[in-house]
Amino acid sequence: MAKQVAIVGAGISGLLACKYTLSKGFDPVVFESRDSIGGVWTKTIQSTKLQTPKSLYQFSDFPWPPQVTEDFPTQNQVLDYLQAYAHHFNLFKNIRFNSKVVSLSYEGPSDAEMEAWAFWSETGEPFAPKGKWNVTVENTSSRTTETYQVDFVILCLGRYSDVPKFPNFPANKGPEAFPGKVIHSMEYSNMDHATAHKFIQGKQVTVVGFQKSGMDISMEISTANGIEHPCTLLYRTEHWNIPDYIPWGVPLGYLYQSRFSELLIHKPAEGLLLSLLATIFSPLRWGISKFVESHIKRKLRLAQHGLRKEASNLRKRKVLPFAVKDCVTGKTRLPLYRECIHPRIPQLALVGLSVSVADLFTSEIRCRWLVELLSGTFKLPSLKEMESNVSQWNDSMKQSLGEYYERSCLGALQIWYIDQLCKDMGWNPRRKKGLLRELFEPYGPLDYV
Ligand SMILES: Cc1cc2nc3c(=O)[nH]c(=O)nc-3n(C[C@H](O)[C@H](O)[C@H](O)COP(=O)(O)OP(=O)(O)OC[C@H]3O[C@@H](n4cnc5c(N)ncnc54)[C@H](O)[C@@H]3O)c2cc1C
């Protein structure tokens, strides 16, 4: 009998999981709690644009339409692109909207039996001989629930939707102690654009937090209110936002997304030669950081704004590639093999939890790897080997990310990571023509067509 696959979430990762499982002959069911596809892109503030250039944020077999000429498309353009993708690959027929997964329970072998397994799902294959998942789904319109039994679950819940992160304030020292109104950025993003504009107009606003949402919202407020009601931005940790992707005319991809750039950093299980090279080349890594820093200083006119002193902080840190810091500051790092499979949770995969500089790119290659696993192209190694691989990656991440280590993230190891997936699938990881291009050209989705 055909194996039943359930996918939870119809954001970018869920759409990809649906498309690729369909391509291997499965007939997945996608449960989406909202009434539309697109995940985080369905509700953002008006001015949100991609922060990754679209060449990196595109499906390998479905390029951006030629009428989108901007390098950083707007939220609406991203949504239109996702809609077009879902129509093109006929995905809507598999998606159940307003369907919130409220519980998952595994039915099959006992805990004691599972603890004795030497392989994931007992055999190292995705479908265990005895186990099934019960997926309980609530219809958000009718409030009725239904339970489905499936052979495999792919969780594509994203990292940024639905659950706002609020600090735990001491009693009576939180929002209730403030006479004004306190909201989370998610509430602001959920307002329609006219309501959001009315909400901030003419108000004295303080934004707390210095990452993507904080910056976008501050910009929106200062544009609406000008200098009459200046917006204040409060932050705990300073970091640098790169004003563009071509410092001194060199595309950042050449500096941080090429095999050569990866030679400059230590990698998990790299072997003696690569380890030596990473150590020998470390001054060059510093040189690249200084090169980018000089561009930021010039372009943002830090000296004119009296910010030169703080700028020297860059010297003290390992400068991480642009968005990398942004994706490593959360608080949970799950032990996931290939950033996708928990060795001790059978018949289940997570796509989109571990983030990268270009999430669409990594979610796509991860889905391709996953469906090759589901269709039997390769088997997973023993649990012991998987766990040792996971801890090797953790150690390596800890070493290279230092204070920013914690959250599931690929850091600057995207190519190295994708190489491992390619080898599992039996693909040649070297995708470029000629040694020089292989070494220096940035890697992106179109290299894996
Ligand atoms: C403002 C903003 C800008 C961003 N810009 C970039 C960028 O430039 N580059 C980049 O690489 N990344 C960016 N990201 C990260 C972005 O999250 C990813 O690029 C990508 O869209 C994540 O897709 P996803 O499908 O993994 O998750 P999501 O888009 O979060 O989708 C998860 C889906 O799961 C559904 N869901 C959750 N729980 C349940 C449940 N229990 N039952 C049923 N359905 C459920 C949700 O409703 C949602 O539709 C940005 C994120 C934000 C918030």
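## A guided tour, stop by stop

With 7 C-beta neighbours inside 10 Å, Arg143 counts as exposed. Select this residue first. The model is a predicted one.

**Stop 1: Arg143 and its loop.** Arg143 sits in the loop that links strand S5 (132–139) to strand S6 (145–150). Check its backbone. Phi is near 65°, a positive value, and the residue is not glycine.

**Stop 2: the sheet on either side of that loop.** Select S5 and S6 together. They run antiparallel and are joined by six bridges. For one facing pair, show Val135, which stands opposite Tyr148 in S6. Now add S4. The three strands make an open sheet in the order S4-S5-S6, with antiparallel pairing. Which strands stand at the edges? S4 and S6 do; each has a single partner strand, so one side of each lacks a neighbour in the sheet. Turn the sheet and look along it: the twist averages 25° from one strand to the next.

**Stop 3: strand S1.** Jump to residues 5–8. Show the side chains. In a regular strand, side chains alternate between the two faces of the sheet. Are the residues on the two faces of S1 buried or exposed? Val5 and Ile7 on one side are buried, and so are Ala6 and Val8 on the other. Both faces of this strand are covered.

Next, add the partners of S1. Strand S7 pairs with S1 in the parallel sense, over four bridges. Val8 stands opposite Leu155 of S7. Strand S2 (residues 29–31) also pairs with S1 in the parallel sense, here over three bridges. Ala6 has Val29 as its bridge partner in S2. Trace the chain from S1 to S2: it passes through helix H1 (residues 12–23), and this β-α-β crossover is right-handed.

**Stop 4: the ligand.** Select the ligand and the residues around it. How many residues surround the ligand? There are 35, and the closest are Gly9, Gly11, Gly39, Gly158 and Gly352. Colour by element next: H1, strand S4 (99–107), helix H6 (212–225) and H13 each give two or more residues to this shell. Then colour by class. The shell holds 14 nonpolar, 15 polar and six charged residues.

**Stop 5: helix H13.** Follow the shell into H13, residues 359–374. The helix has 16 residues. From first C-alpha to last it reaches 22 Å, close to the 22 Å expected at 1.5 Å a residue. Why does H13 count as largely enclosed by the rest of the structure? Because 14 of its 16 residues are buried; the cut-off for buried is 20 or more other C-beta atoms within 10 Å. Step past the end of the helix to Gly376, which follows H13 and has a positive phi near 90°.

**Stop 6: Asn172.** Go back along the chain to the loop between strand S7 (152–155) and helix H4 (185–190), where Asn172 lies. Asn172 has a positive phi of about 60°, although it is not a glycine. Count its surroundings: 7 C-beta neighbours inside 10 Å, so Asn172 is classed as exposed.

**Stop 7: Lys398.** Finish in helix H14 (residues 383–401), which contains Lys398. This lysine is partly exposed, with 13 other C-beta atoms within 10 Å. Draw a distance from Lys398 to Leu435, C-alpha to C-alpha. The two are 37 residues apart in sequence and 31 Å apart in space.

How values were computed. Residues are numbered from 1 along each chain as its sequence is written. This is a predicted model: local features need pLDDT of at least 70, side-chain atom pairs count only at pLDDT 80 or more; totals for chains, interfaces and linings use all residues. A residue is buried if 20 or more other C-beta atoms lie within 10 Å of its own, exposed if 12 or fewer, and partly exposed in between; C-beta atoms are placed from the backbone. Two strands pair if DSSP finds at least two bridges between them. A crossover is right-handed if, with the strands pointing away from the viewer, the path from the first strand over the helix to the second runs clockwise. The expected span of a helix is 1.5 Å times one less than its number of residues. A residue is near a molecule or strand if its C-beta atom, placed from the backbone, lies within 6 Å of it. Ala, Val, Leu, Ile, Met, Phe, Trp, Tyr, Cys and Pro count as nonpolar, Asp, Glu, Lys and Arg as charged, and the others, Gly among them, as polar. Axes are lines fitted to C-alpha atoms, for helices over the stretch in contact, and angles run from 0 to 180 degrees between N-to-C directions.
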